[in-house]
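Subject: The structure, handed over

Hi,

Here is the structure I said I would pass on to you. Have it open while you read, and follow along residue by residue.

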Amino acid sequence: MRSFSYERATSPGAAAAAAAGTANAKFIAGGTNLLDLMKLEIETPAHLIDVNGLALDRIEETAEGGLRIGALVRNTDLAADARVRRDYGVLSRALLAGASGQLRNKATTAGNLLQRTRCPYFYDTNLPCNKRKPGSGCAAIGGFSRQHAVVGASEACIATHPSDMAVAMRALDAVIETVRPDGGTRSIPIADLHRLPGDNPEIETVLQPGELITAVALPKPVGGTQAYRKVRDRASYAFALVSVAAIVQPDGTGRVALGGVAHKPWRIEAAEAELPRGVKAVAARLFADAKSTRDNAYKLPLAERTLAAVLREART
Ligand SMILES: Cc1cc2nc3c(=O)[nH]c(=O)nc-3n(C[C@H](O)[C@H](O)[C@H](O)COP(=O)(O)OP(=O)(O)OC[C@H]3O[C@@H](n4cnc5c(N)ncnc54)[C@H](O)[C@@H]3O)c2cc1C
Ligand code: SF4
């Protein structure tokens, strides 16, 4: 690990200003992703700004009838919150499908959203990776791509986003709240937070340098039956090959978002209009532009079958 300097942030605005004003600075929250990447020298920040002392660890009700989740709320606490379990069951289930109890105790809401891909070539510093080293190439394209994206990928990168929580938040239309280095704040719909890789897979979100996530707002509950199913290589401690978050209303309408298939949580609202016509019609819209490899073509039928199973579960 490279040496780095360290400070504890005293306010969100000061943290953002310090991050923008210090060369090669990064925020650290639970550290469960960042520290691993630093040990492998995939991330080499010269300065860490520890945000754990900020008062961003509460879950509060909003005036609109929703919930505001502080950026530092731990995944365990979010999954266990009685309001989340009652009104946002898909979120609680997605969180509990992620990582392990020990990791969830440390992992924060903001850190989970911003965790980096699990593409094995991203972790292997001997091989080219446009995300790790822009312009170096992509070892996954033409390599072993069993875990990789089947939709929304590019010639530069076919990695997937690994978060379970973000998939449920996408189904719930969460909004990300931030503070910028100049002290200004903004709200970013989760649909717009993560980018597709395009020619710059190293740029993963629309956050500006130094911009700090302060909270995630959930709109007022939409009801319905909520389910999350994650298909993975083993029952725990593994990332999704495919996952489905679904919210189904009694009249058969609903929302679906998928994980493990793209560089961001994958939801196409127009596909949801096909729900009354059946799973095949929904999947056809979700994957209209799919481009799979020999190794990951299995994800397309797997996603359709998982979607069918989740919808069946939600309707019974
Ligand atoms: C073995 C293992 C298995 C795992 N399995 C799963 C799984 O199955 N599903 C899943 O979803 N996840 C899984 N994870 C990932 C885990 O959920 C993430 O590591 C965790 O959520 C990251 O949160 P953190 O607070 O530790 O982030 P950190 O490691 O502290 O930070 C991650 C990134 O977020 C940035 N950041 C942190 N807070 C802020 C903020 N407030 N504003 C702006 N930027 C910020 C940091 O600078 C850094 O770039 C696994 C991790 C491990 C190690
Ligand atoms: S898929 Fe993306 S993360 Fe993986 S090697 Fe290619 S560029 Fe790197």
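Thr 44 sits in the loop between H2 and E3. Keep in mind as you look around that this is a predicted model. Is Thr 44 buried, partly exposed or exposed? With a relative accessibility of 29%, Thr 44 counts as partly exposed. If you leave out residues up to four places away in sequence, Thr 44 touches Arg 2 and Asn 24. Now jump to Ile 69: Thr 44 and Ile 69 are 25 residues apart in sequence, and their C-alpha atoms are 29 Å apart in space.

Glu 43 is in that loop between H2 and E3 too, and there is a fair bit to say about this residue. Glu 43 makes a salt bridge with Lys 26, where the closest N and O atoms are 3.2 Å apart. Lys 26 belongs to strand E2, so this pair ties together parts that are 17 residues apart in sequence. Glu 43 also makes a salt bridge with Arg 116, and here the closest N and O atoms are 3.3 Å apart. That second pair links distant parts of the chain: Arg 116 is in the loop between helix H7 (109-114) and helix H8 (120-123), 73 residues from Glu 43.

How covered are these three residues? Glu 43 counts as buried because its relative accessibility is 9%, under the 20% cut-off. Arg 116 has a relative accessible area of 13%, so this residue is buried as well. Lys 26, at 31%, is partly exposed.

Next, the elements around that loop. Strand E2 (residues 25-28) and strand E3 (residues 47-50) run parallel and are joined by four bridges. To see the pairing on screen, find Ile 28, which stands opposite Asp 50 in E3. Add helix H2 (residues 34-39), and E2, H2 and E3 together make a right-handed β-α-β unit.

Back to salt bridges for a moment. How many are there by the rule used here? The count comes to 25. One of them joins Arg 58 and Glu 60, whose closest N and O atoms are 3.7 Å apart. Arg 58 is partly exposed, at 47% relative accessibility, and Glu 60 is partly exposed too, at 39%. There is also a network of salt bridges that links Arg 170, Asp 173, Arg 255, Arg 267, Glu 269 and Glu 272. Try selecting those six residues together and see how they are arranged.

Now have a look at strand E8 (residues 212-218). How many of its seven residues are buried? Seven of the seven are, so to speak, under cover: E8 is mostly covered. E8 has pairings with other strands as well. Strand E5 (residues 67-70) pairs with E8 in the antiparallel sense over four bridges, and Leu 67 stands opposite Leu 218 in E8. Strand E6 (residues 175-179) also runs antiparallel to E8, and five bridges join the two. In that pairing, Thr 178 stands opposite Ile 213 in E8.

Helix H5 (residues 89-96) is another mostly covered element, with six of its eight residues buried. Those buried residues are Gly 89, Val 90, Leu 91, Ser 92, Ala 94 and Leu 95.

Further along the chain, look for Phe 287, in the loop between helix H12 (279-286) and helix H13 (299-315). Phe 287 has a relative accessible area of 11%, so this residue is buried. Which residues does Phe 287 touch, not counting those up to four places away in sequence? They are Val 150, Val 151, Leu 258, Val 261, Leu 300 and Ala 303. Thr 22, on the other hand, is 265 residues from Phe 287 in sequence and 42 Å away in space, C-alpha to C-alpha.

Last stop: the surface. Met 1, Phe 4 and Tyr 6 make a nonpolar surface patch of about 290 Å². Tyr 6 lies in strand E1 (residues 5-8). At 39% relative accessibility, Tyr 6 counts as partly exposed, and that value matters here because patches are made of residues with over 30% relative accessible area.

Have fun with it, and write back with any questions!

Cheers

Note on methods. Residues numbered from 1 in each chain as written. Chains lettered and ligands numbered in written order. Predicted model: local features only at pLDDT ≥ 70, side-chain atom pairs only at ≥ 80, totals over all residues. Heavy atoms only, no water. Patch = residues over 30% accessible without salt bridge, like charges linked within 9 Å, V, L, I, M, F, W, Y side chains within 5 Å. Areas by Shrake-Rupley, 256 points an atom, 1.4 Å probe, with all protein chains shown as cover. Salt bridge = Lys/Arg side-chain N within 4 Å of Asp/Glu carboxyl O. Buried < 20%, exposed > 50% of the residue type's maximum accessible area, 1.4 Å probe, protein only. Pairing = 2+ DSSP bridges. Right-handed = clockwise from strand over helix to strand, strands pointing away. Contact = heavy atoms within 4.5 Å.
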